[in-house]
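Let's take a walk through this one together. Have the model open and start at the ligand.

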Amino acid sequence: MTAQPHNGAMNNAAALGAAKHDAATQARDTDPPGRVPGTGSPIPQNTPVLEARSLSKFFGRVIALKDISMCLHQGEVVALLGDNGAGKSTLIKCLSGVHAPDAGTLLLHGVPVRFKEPRDALRHGIATVYQDLAMIPQLGVARNFVLGAEPTKGWGLWRRLDLRAAERTTREGLLRLGIDLRDASESVGTLSGGERQSVAIARALHFGARVLILDEPTSALGVRESERVLQDIDGARQKGVGVILITHNVHHAYPVADIFTILKRGRSYGTFAKDEVTREQVLSMMAGL
Ligand SMILES: Nc1ncnc2c1ncn2[C@@H]1O[C@H](COP(=O)(O)OP(=O)(O)OP(=O)(O)O)[C@@H](O)[C@H]1O
Ligand SMILES: [Mg+2]
């Protein structure tokens, strides 16, 4: 890759690969941007792509989330900020079908939805990149990129992976984010964590994500790698994707995010548009948590 190095880890759950690709590929083919997936009807302007209304989630006596509401519009980056244990990961797990919320409603393009499993969320174009879910390091970048949606050639017993097509798809997907891949057969194990994040983001976009959820994508990255990932986030936003960015780092969140939602011990500490708060104010709210 000629992109700047990265670090972090990609989250393409191999387990999610097939579902994601079937579903997201369909979404990409049949639902042009600006249309409600599945129905094809135009999305009214200003309808959030994804909205959570008064979500609550309890683990036994632990209140992981209480009455959390948030909105995400197309082409918008919402930063989800908060201290350890604030409920950030629980919230995105509720948004991405990992957890069923105990109370509250989730709306997709204004329509209430319930995700039984991550596959359901993926089918609706919600792709989540978890920091701790890596790609398969022994496989090449292209093999990881098309995981679960491998192009094939030949028929019957001779049906096999079309590696050249996989590499072409990968190169195109990465180029769309401005990443020039030197060698798509290069094993993912040789990429830095940040490069893996970029591949994960490009992969999600390529397979039709309308909502991209990133859990601490820069936490393990150096300065240049973080910058590159933040550029990728900006690239996704410019393509009309809604991004939820979880981070502890206000300096990473502030330049790229449009909205800041701050969680504190499972409750909302407030949601602020960027023109309402300075970086210092966000920092001091975080410090006061
Ligand atoms: N599967 C679970 N079972 C029990 N408790 C859980 C579970 N997942 C989260 N919790 C609890 O819910 C609360 C919120 O956790 P969560 O992981 O959402 O926080 P977070 O904001 O993502 O924190 P961090 O910044 O450390 O990742 C914590 O008290 C945590 O211990
Ligand atoms: Mg977390």
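Ligand 1 sits in a shell that divides into four nonpolar residues, six polar ones and one charged. Keep in mind as you look around that this is a predicted model. If you want to click through the surroundings yourself, the residues to pick are F59, V62, A64, G82, N84, G85, A86, G87, K88, S89 and T90.

Now, which elements supply at least two residues each of that shell? There's a strand and a helix here: β2, running 62–72, and α2, covering 88–95. Of the shell around ligand 1, the largest share belongs to α2, with three residues.

That makes α2 a good place to linger. Is this helix mostly covered or not? Mostly covered, as it turns out: out of eight residues in α2, seven are buried. They are K88, T90, L91, I92, K93, C94 and L95. Two of these names, K88 and T90, should ring a bell, since they also turn up around ligand 1. Follow the chain past the end of α2 and you get to G97, where phi is positive, near 85°.

Time to zoom out. The protein chain has nine helices and twelve strands in total. Its length is 289 residues, and 48% of them are buried. How much of the contact map comes from residues 24 or more positions apart? Counting contacts in the protein chain with a separation of 6 or more, such pairs account for 74%.

Technical notes
Residues numbered from 1 in each chain as written. Chains lettered and ligands numbered in written order. Predicted model: local features only at pLDDT ≥ 70, side-chain atom pairs only at ≥ 80, totals over all residues. Near = placed C-beta within 6 Å. Helix = DSSP H or I, 4+ residues; strand = E, 2+ residues; numbered from the N terminus. Nonpolar A, V, L, I, M, F, W, Y, C, P; charged D, E, K, R; others polar. Buried ≥ 20, exposed ≤ 12 C-beta atoms within 10 Å, placed from the backbone. Contact = placed C-beta atoms within 7 Å.
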